[in-house]
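Dear colleague,

I am passing on the structure we spoke about, with some notes on what turned up in it. Please read them with the model open beside you.

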Amino acid sequence: MQNSATPTHCPYCALQCGMNLTPTPEGSVEVTERADFPVNRGALCGKGRTAPAVLSSRVRLTAPLVRGGDGELVPASWEEALDRIAGALSSVRSAYGADAVGVFGGGGLTNEKAYTLGKFARVALGTSQIDYNGRFCMSSAAAAGTKAFGLDRGLPFPLSDIPRTGCVILVGSNLAETMPPALRYLSELKANGGTLIVIDPRRTKTAEQADLHLAPRPGTDLALALGLLHLVVAEGRTDEAYIAERTTGWEEARAAAMAHWPEYVERITGVPVPRLRETVRLFCEPESAMVLTARGPEQQSKGTDTVGAWINLCLATGRPGRPLSGYGCLTGQGNGQGGREHGQKADQLPGYRKLTDPEARRHVAEVWGVDPDSLPGPGRSAYELLDALGTDVKALLLMGSNPVVSAPRAAHVESRIRSLDFLAVADVVLSETAELADVVLPVTQWAEETGTTTSLEGRVLLRRRALTPPQGVRSDLEVLHGLAERLGEGGDEALEKKFPTDPEEVFEELRRASAGGAADYSGITYRRLAEGDGVFWPCPATETAERAPGTPRLFLDRFATPDGRARFAAVTHRPLAEEPDAEYPLLLTTGRVVAQYQSGAQTRRVAELNAAAPGPFVELHPRLAASLGVAEADPVAVVSRRGRAVAPARITTAIRPDTVFMPFHWPGEGRANTLTNPALDPTSKMPEFKACAVRLEAVER
């Protein structure tokens, strides 16, 4: 352990807040303020402040586990555990082919781990069946951004630009609970005279800060964006010079929007026409303005089109590529941005290259020392992969994810996982998914390893090791190295070159693999990251790369499309995949609470966080509660076509009467994702987490 404070970053969300880790007499660390890091300026939420609690051996895994003859998981040596995994993967591959082996990663893995996992799947296993849980987060925004701009980076500008713009439309984000330190950017925006418009079916803590709150019916964000664009055109607020000089596809997009007149949009969304007009006025009058989206509009079976419609609004008013303006996505997971750039996604190679591009295959294959023709093609997306378990995919290696809680139609996914011939899980805790595994591997945590992450700004950051991991725990890189060795990937020297265990060595290879790609990291080094506050990609290897901050602001001169112009999307409103009916008359929407994170596998093990958020609940309007005879804290059953969940009622006027809300952090009878709809967006393959038809039933206890 270091003798002094180690500067590093929080293990949770995509803000990647700076923090210092200071040694304690007990041999652990405590979090102390790192005021010089510009993103959070020392501020931390409760999750970040209590993050060291999960480092304790009392709550984490410290030895490999294998399933014994009696069906129970029992401690084993690393050699036995790795031998068993490699043997099972080899047997399945021999019996059924390489694509019968699947790999499932996570948006919390460092860039080095995500890169190596993708390489391991395609080189050591030869399988196309790899994807990750980040598919469930930002994939719709990524697809829409790539279509429009030729490039996907969550925010094309630093967070520090937000307080200086004239207006922000925040669509489907509750920053106050999901990224509390980021809320100050919105507070500073208002203090500077800017306007905040929040779009959310609930009056969240973030919506309470808004100058204008629109509460549309869940799943109608696409119609709302089109209705606003209709009004922009009708009121003569388009930037015709910008449209002519910097875009294509406007005529088709305008025609599509003009079919969504205000009264029609009001009927669909429930947002009154005067509020639509006020939104347009507040957004168009300032010289600069932004639209920021999050999971609300993205986690829909039409998420790509929905985000495309919000981008259209920005393009029509001349915002993207201008100072303090544009469209951005608030990426969720700690390395959700980097995790989708370097190869653990089903259709990608490092550097945000397309797996179907022959030149991309040639370049990456050369770095990896393999024949380009040996690389498999694109595989199944995340939910499609999980749905294929036990049928087409017989064995699964899973790292850093807990789909038993986090996947849509979770009971079905759990049944698919149980039907596997073999499951291996590498994680820091015994999650609900790990409990089903044949082999569980204990791996190092954020404070025990060095590696890079990429924040929602596209800022590449260096996490530093502050602690020695417990004996019996290995890094994910060591796990993949050990498995590659057993799968016949060469002797010691060749293996260390092919699957190195040192994170800086991996990053050096990642730099070469990403060179020339959309997400070019070739000009970024560990030394450069250690000396500053991170580097924004793209950062090609040039003479000035070591002195430059990379590219904090994108698209100022041109967009990343072949002709340099942004593309409008000609999209129209369509219903949810599952609309309410007589049997299921309500809509369920899901989300997070401030004291828990994602599937809760780590945060549910922290006493302080559990005390603040001890379990699931069902949020419903007083009128709906009265119709059921339900009082505060009474148990309520939420029933969809996929299952049933039970949790205490939380009655509030902050939600629409036709909508109920559940947080998704818990397993058991209150597992919200038992209910959610796996209907997929045709482009991004994003499931429709944010809206499905349900009914409520009072429960006798």
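**Helix α7 and its surroundings**

In α7, the buried residues are Asp221, Leu222, Ala223, Leu224, Ala225, Leu226, Gly227, Leu228, Leu229, His230, Leu231 and Val232. Please bear in mind throughout that this is a predicted model. The helix is thus mostly covered, with 12 of its 14 residues buried. It runs over residues 221-234 and reaches 20 Å from its first C-alpha to its last, close to the 20 Å expected at 1.5 Å a residue. Just after α7, Gly236 takes a positive phi of about 70°.

**A second helix**

Helix α11, which covers residues 273-284, has 12 residues and reaches 17 Å from its first C-alpha to its last, where 16 Å would be expected at 1.5 Å a residue, so that the two values are close. Its buried residues are Val273, Leu276, Thr279, Val280, Leu282, Phe283 and Cys284. When reading such a list, it may help to recall that an α-helix has 3.6 residues a turn, so residues three or four places apart point the same way.

**The cysteines**

How many disulfides does the structure hold? There are 0, and the pair Cys13 and Cys17 can be looked at in detail. The sulfur of Cys13 is 5.8 Å from the closest cysteine sulfur, that of Cys17, and this is too far for a bond, because a disulfide calls for sulfur atoms within 2.5 Å. Seen from the other side, Cys17 is in no disulfide either, and the nearest cysteine sulfur to it is that of Cys13. Cys13 is buried, with a relative accessible area of 11%, and Cys17 is also buried, with a relative accessible area of 6%.

**A buried lysine**

Lys690 lies in the loop between β29 (687-688) and β30 (692-698). This lysine is buried yet has no salt bridge, and the nearest side chain of opposite charge, that of Asp200, is 7.7 Å away. Leaving aside residues up to four places away in sequence, Lys690 touches Pro218, Arg295, Gly296, Gln299, Leu588, Thr589, Thr590 and Gly591.

**A three-stranded sheet**

Finally, 3 strands form an open sheet in the order β19-β20-β21, with antiparallel pairing. The edge strands, each of which pairs on one side only, are β19 (451-454) and β21 (535-536). Between β19 and β20 (residues 459-463) the antiparallel pairing extends over 4 bridges, and Thr454 stands opposite Val460 in β20.

With best wishes

Methods:
Residues are numbered from 1 along each chain as its sequence is written. This is a predicted model: local features need pLDDT of at least 70, side-chain atom pairs count only at pLDDT 80 or more; totals for chains, interfaces and linings use all residues. Side-chain values use heavy atoms; hydrogens and water are left out. Helices (H or I, at least four residues) and strands (E, at least two) are DSSP runs, numbered from the N terminus. Buried means under 20% relative accessible area, exposed over 50%, partly exposed in between (1.4 Å probe, protein chains only). Lys and Arg count as positive and Asp and Glu as negative; His and the chain ends are not counted. A salt bridge is a side-chain nitrogen of Lys or Arg within 4 Å of a carboxyl oxygen of Asp or Glu. Contact means heavy atoms within 4.5 Å. Two strands pair if DSSP finds at least two bridges between them.
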